Amino acid sequence: MKHALSLKIGPATFRIGSAWRQPVEALAALYADYPAPSVEVADFTVRLEPAGPLRRWLRPSIFITGDHGLADAAPMSLSHGLLAAEMGMNLQMALGWRRHLLLHASSVEKDGRALVMTGESGSGKSTLAAQLGERGWRLMGDEFALLDLATGMVFPFPRLVSLKNRAIDVLAAEVREDRMGPLLAGTAKGDIRHLVPNGDAIRRMDKGAMPALLLFPRFGHQTDVRAVGQGEVFMRLTQASTNYVALGEPGFDALTHFVRNVPARAIDFSSGEEAIALVERLWEEPA
Amino acid sequence: MSAPLLVRSLRDPGSVATLDAQGWNALIAAARAERLIGTLAFRIGKRTVPGAVRPILDDARLDADREARQALWEADRAAEALAGLDMPVVLLKGTAYAAAGLRAGQGRFIGDLDILVPREAMDPVEQALLHAGWEWVKDDPYDDAYYRQWMHELPPMIHAGRDRMIDVHHTVLPLTARQTPDAAAMIADAVPITNELCMLSPEDRICHAAAHLLADGDLAGGLRNLWDIYCLLDGVDAAALDERAARHGLRPHVRQAKRLAAALYGKGARLTAWDRIVAARLLARDGWGRERRKLLRFAFYLRSHWLRMPPAMLARHLFTKWRKGHRPV
């Protein structure tokens, strides 16, 4: 395609092709500190194509596809090209990755052990992970946690953190301006700005960690901590995984092992500072 | 174009040894787009490939294994649902190849479950499937009526619990097509796979695949269908096949399919001008996995409708679909 770029994020490599210059330039700027892929054979191809015959020039809009695509994916405005590229990569992972059990979860690491947080969009898991990543934890990823089928370790997928709406200002106040991407106003999920993970997160993106705690965060409620039974954890994680069914028995075994060995809590909170204090407290508690 | 690279790699898997990273990217993208990545992985087997390629091929084989397992389970469920009807359930296409362990099934992507049943049994089959948890997909009355009146199959159904589609055929081409294959003979000569399931005879398998590729549809995904044909031809008596094709009114299609299969996947063949046009359509895929040759593809899209129905009916059909907002490209 006319404009192209290769990226390596955690264990996965992507070849991104675009009909327009802008999305590739935006990606190149924000992923500048990531190591270049050592081999150029990509696990996945992402394509950003014009959504119709005239849509390259006239009210340009992007159809996101690639090796794996959704026929009914909604086209996106070229001004949201960076988001389109990120969604394209997520789509390939969600539909095509088979080397780990993929959990729709954020994760951070401290002292060689990982904290995994899963929940719906808007639960606060992304923001919380990003904030912890600036407070002595290593950010492993805000979107997917990769559970190794053989060892039970969690591996990072530290793509750009996608900050939405109110979370934008929270993080923008904490990090250097050059780690923040452009403001993408009025996307399907509201305003979005991307955050480049810090140097530690990028340098150690191949290093896994044993999971030590699973949290189900929920933003916007009175502070509360509840135990969650293993049966419920299992069911919720099957729903949070995009490749659980595709992996078959090894996926079941890995998930069962995770559920049996990692303590789980549901936490409610009404502010970021509250959530951080809660996480630090639960992390220090003996399981 | 990278479809020719895909074809060459399937024909001669040893040739991948010369590929550089760009070549691999193009090959993998085309193979995924044509849904031949599992077949390619199977063909390449244990040959030495770059370190980054190996896990991609291993993943593709894993996916193909799962596809086959799911397909066989669907076939088993359908057989169970139809057991009371005392009639043969003939598996078609991918599920049949997988169930019988045919070479065409190795690494093959399998989408829907396709079965062939006698036309007079369509009503009880439909009732039995509905009773066993399958439900309608199409909610448009025009589409539903169109299927029932003119097509060779029931409107597609999906299983509510397992989310898998079933296509119930009573013959192998739409009723409006020029050719009228002898479906009763196909069912009568079907060969058993298990106690409950059977598949078409070796000659009929090729007739069906050739009809599907060349007398129906717009050749989208045709490289995979042609690979099926290439594999199915292995060991089939040419005279018996020709005779059988004539009986179904498919002799030109089967002969063309043989020429194309030999030209693309085998030892080569003399191609007619029309063969070359079809081959150009089949190979319209670039190194990013995109479809190219837009005009040629559109011409084949028009042809697929032309094959399917007489002109006045076609005009009415296209007008109805257009009013409902359907656009071809």
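**Fold, domains and contacts in a predicted two-chain model**

In chain B, 65% of the contacts with a separation of 6 or more are made between residues 24 or more positions apart. The model in which these contacts were computed is a predicted one. The secondary structure of chain B consists of 15 helices and seven strands. A compact globule of 329 residues would have a radius of gyration near 20 Å, and chain B agrees with this expectation, since its own value is 20 Å. The C-alpha trace of chain B extends over about 55 × 45 × 45 Å along its principal axes. Buried residues account for 41% of the 329 residues of chain B.

Two residues of chain B were examined individually. Leu283(B) lies in the loop between helix H13 (273-282) and helix H14 (294-308) of chain B. The surroundings of Leu283(B) contain 20 other C-beta atoms within 10 Å, and a residue counts as buried if it has 20 or more, so Leu283(B) is buried. Along the chain, Leu283(B) and Met1(B) are 282 residues apart, yet 7.5 Å separates their C-alpha atoms. When neighbours within four places in sequence are left aside, the contacts of Leu283(B) are with Met1(B), Ala3(B) and Pro4(B).

The second residue, His208(B), belongs to helix H9 (residues 202-214) of chain B. His208(B) has 28 other C-beta atoms within 10 Å and is therefore buried. Apart from neighbours within four places in sequence, His208(B) is in contact with Leu92(B), Val172(B) and Leu200(B). The C-alpha atoms of His208(B) and Ala33(B) are separated by 23 Å, with their positions 175 residues apart along the chain.

Chain A comprises nine helices and 16 strands. The radius of gyration of chain A is 19 Å, close to the 19 Å that the globule rule gives for 287 residues, and chain A is therefore as compact as a globular protein of that length. Along the principal axes, the C-alpha trace of chain A measures about 60 × 45 × 35 Å. Of the 287 residues in chain A, 46% are buried. Residues 24 or more positions apart supply 68% of the chain A contacts that have a separation of 6 or more.

The domain assignment divides chain A into domain 1 (3-96) and domain 2 (100-284). Between the C-alpha centres of domain 1 and domain 2 of chain A the distance is 23 Å. In the contact between them, domain 1 of chain A takes part with 16 residues and domain 2 of chain A with 22 residues. On the domain 1 side, the elements giving two or more residues are helix H1 (21-30) and helix H2 (81-96) of chain A. H2(A) gives the most to this side, with eight residues. By class, the residues on the domain 1 side comprise 11 nonpolar, three polar and two charged.

Helix H8 (residues 249-261) of chain A was considered in detail. With 13 residues at 1.5 Å a residue, H8(A) should span 18 Å, and the end C-alpha atoms agree with this because they are 18 Å apart. The buried residues in H8(A) include Gly251(A), Ala254(A), Leu255(A), Phe258(A) and Val259(A). These residues are on the same side of H8(A), because they cover an arc of only 130 degrees around the axis. An α-helix has 3.6 residues a turn, so residues three or four places apart point the same way. On the other side of H8(A), the residues Glu249(A), Thr256(A), Arg260(A) and Asn261(A) are exposed. The cover over the buried residues of H8(A) includes strand S6 (100-110), strand S9 (144-148) and strand S14 (210-219) of chain A, together with helix H6 (230-240) and helix H7 (244-247) of chain A.

The two chains also touch each other. Their contact involves 18 residues from chain B and 15 residues from chain A. On the chain B side, helix H2 (21-33) and helix H4 (54-81) of chain B are the elements that give two or more residues. H4(B) provides the largest share of this side, six residues. The chain B side that touches chain A is made up of 10 nonpolar, three polar and five charged residues.

Notes
Residues numbered from 1 in each chain as written. Chains lettered and ligands numbered in written order. Predicted model: local features only at pLDDT ≥ 70, side-chain atom pairs only at ≥ 80, totals over all residues. Helix = DSSP H or I, 4+ residues; strand = E, 2+ residues; numbered from the N terminus. Rg over C-alpha atoms; globule rule 2.2 N^0.38 Å. Buried ≥ 20, exposed ≤ 12 C-beta atoms within 10 Å, placed from the backbone. Contact = placed C-beta atoms within 7 Å. Expected span 1.5 Å × (residues − 1). Arc of directions from axis to C-beta. Domains from an automatic or database assignment. Nonpolar A, V, L, I, M, F, W, Y, C, P; charged D, E, K, R; others polar.
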